Amino acid sequence: MQANNPVGVTPFQAKGSLCGFLISGRWPDTTKEWAQLLALAVRVASLPGLLATTTVFGAREELPDDPQPDTVGLVIAEGPVLGEQAIEPGRFAEPLPPALMMLHPPSETNPSLPECAGAASGCVLLPGLPHLGLAHRAAWVEAELDGTVTSMVSRVGIDPISDPDTAVLAMLLTA
């Protein structure tokens, strides 16, 4: 971990919809840092109207046009999970992205506590290569509009099929 070089995250939108996050400085390099990035993303997703439906975001090491000098890549909205525009299974099989994230707007989040109505939630899956001894990692976050993180969990060595969010993200990774 490079504590002296922080991970910069800047959300961007178009026509009132969340399109992704610009990553600067460096990519997160631990499960904890990816969970922190997810917490920020879920806080943004809790803003009314910014995220219409559950959406998958993929980490890309591509740079936008005319990037700032410290830009390292993007976490970009790839598409919804359901509906006519839904992402096809296996879409991210080649090349394998460093991370896939799923964000749920408040309208599609069942909050962990009754007093957290209006919270958004999300999951990040960091795909491993189990046959090489590299375990899958994941984190889950729930946050309210005021920025309060009401739930945050991260795990190493997960079986993606054990959770609905990681199962969907894993399906998008397998050809």
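Analyst: Contact means heavy atoms within 4.5 Å. With that in hand, and keeping in mind that this is a predicted model, ask away!

User: What makes Phe21 a good place to start, and which residues does Phe21 touch?

Analyst: Leaving aside residues up to four places away in sequence, Phe21 touches Val9, Thr10, Pro11, Phe12, Ala41, Val44, Phe57, Gly73, Leu74, Val75 and Leu103. Each of these counts because it has heavy atoms within 4.5 Å of Phe21. Phe21 also belongs to the largest nonpolar core, where Phe21, Met101 and Leu103 touch the most other members out of 27 residues.

User: Which elements build that core, and which gives the most?

Analyst: Strands E2 (17–24), E3 (55–60), E5 (100–104), E6 (120–126) and E7 (137–143), along with helix H1 (31–45), each give two or more residues. H1 gives the most, with 9 residues.

User: What is known about a second core?

Analyst: There is a separate core of 14 residues, including Met102, Cys123, Leu125 and Leu169.

User: How do you know how well E6 is covered?

Analyst: A residue is buried under 20% relative accessible area, and 7 of the 7 residues of E6 are buried, so E6 is mostly covered. In a regular strand the side chains alternate between the two faces of the sheet. In E6, Ala120, Gly122, Val124 and Leu126 lie on one side and Ser121, Cys123 and Leu125 on the other, and both faces are covered.

User: Why are E5 and E6 called paired, and what about E6 and E7?

Analyst: Pairing takes at least two bridges. E5 and E6 have 5 bridges, so they qualify, in the antiparallel sense. E6 and E7 have 7 bridges, so they qualify too, again antiparallel. To find these on screen, look for Leu103 opposite Gly122 in E6, and for Ala120 with its bridge partner Ala143 in E7.

User: What about E4: which strands pair with it?

Analyst: E2 pairs with E4 over 5 antiparallel bridges, and 6 bridges join E3 to E4, also antiparallel. Both counts meet the requirement of at least two bridges, so both pairs stand. Ser24 has Thr71 in E4 as its bridge partner, while Thr55 stands opposite Pro80 in E4. E4 is mostly covered, with 8 of its 10 residues buried.

User: Why is the contact of Asp29 with Arg26 called a salt bridge?

Analyst: The cut-off is 4 Å from a side-chain nitrogen of Lys or Arg to a carboxyl oxygen of Asp or Glu. The closest N and O atoms of Asp29 and Arg26 are 3.1 Å apart, so the pair passes. Glu33 also forms a salt bridge with Arg26, at 2.6 Å. The whole structure holds 5 salt bridges.

User: Are Arg26 and Asp29 buried or exposed, and how do you know?

Analyst: Arg26 has 8% relative accessibility, which is under 20%, so Arg26 counts as buried. Asp29, at 39%, falls between 20% and 50%, so Asp29 counts as partly exposed. Glu33 is buried, as is Arg26.

User: What makes Arg60 and Glu62 a salt bridge, and how exposed are they?

Analyst: Their side chains meet at 3.6 Å, N to O, which is within 4 Å, so the pair counts. Arg60 is partly exposed because its relative accessibility is 27%, and Glu62 is partly exposed because its value is 45%. Salt bridges that share partners join Arg60, Glu62, Glu78 and Arg91 into one network.

User: Why is Lys15 called exposed, and what is the sign of its phi?

Analyst: Its relative accessible area is 88%, over the 50% cut-off, so Lys15 is exposed. Lys15 is not a glycine, yet its phi is positive, about 55°. Lys15 lies in the loop between strand E1 (8–14) and E2.

User: What about Asp66, in the same terms?

Analyst: Asp66 has 73% relative accessibility, over 50%, so Asp66 counts as exposed. Its phi is near 50°, a positive value in a residue other than glycine. Asp66 lies in the loop between E3 and strand E4 (71–80).

User: Which residues line the largest pocket?

Analyst: It is lined by 15 residues, of which His104, Ser121, Gly122, Trp140 and Asp165 lie nearest its centre. The pocket holds about 280 Å³ of space. E7 supplies the largest share of the lining, 3 residues.

Key
Residues numbered from 1 in each chain as written. Predicted model: local features only at pLDDT ≥ 70, side-chain atom pairs only at ≥ 80, totals over all residues. Heavy atoms only, no water. Core = buried A, V, L, I, M, F, W, Y, C linked by side-chain atoms within 4.5 Å. Buried < 20%, exposed > 50% of the residue type's maximum accessible area, 1.4 Å probe, protein only. Helix = DSSP H or I, 4+ residues; strand = E, 2+ residues; numbered from the N terminus. 1 Å grid on protein atoms, 1.4 Å probe; cavity = no way out; pocket = protein on both sides within 12 Å on 5 of 7 lines; lining within 4 Å. Points joined across faces, edges and corners; volume = space filled by probe spheres on them.
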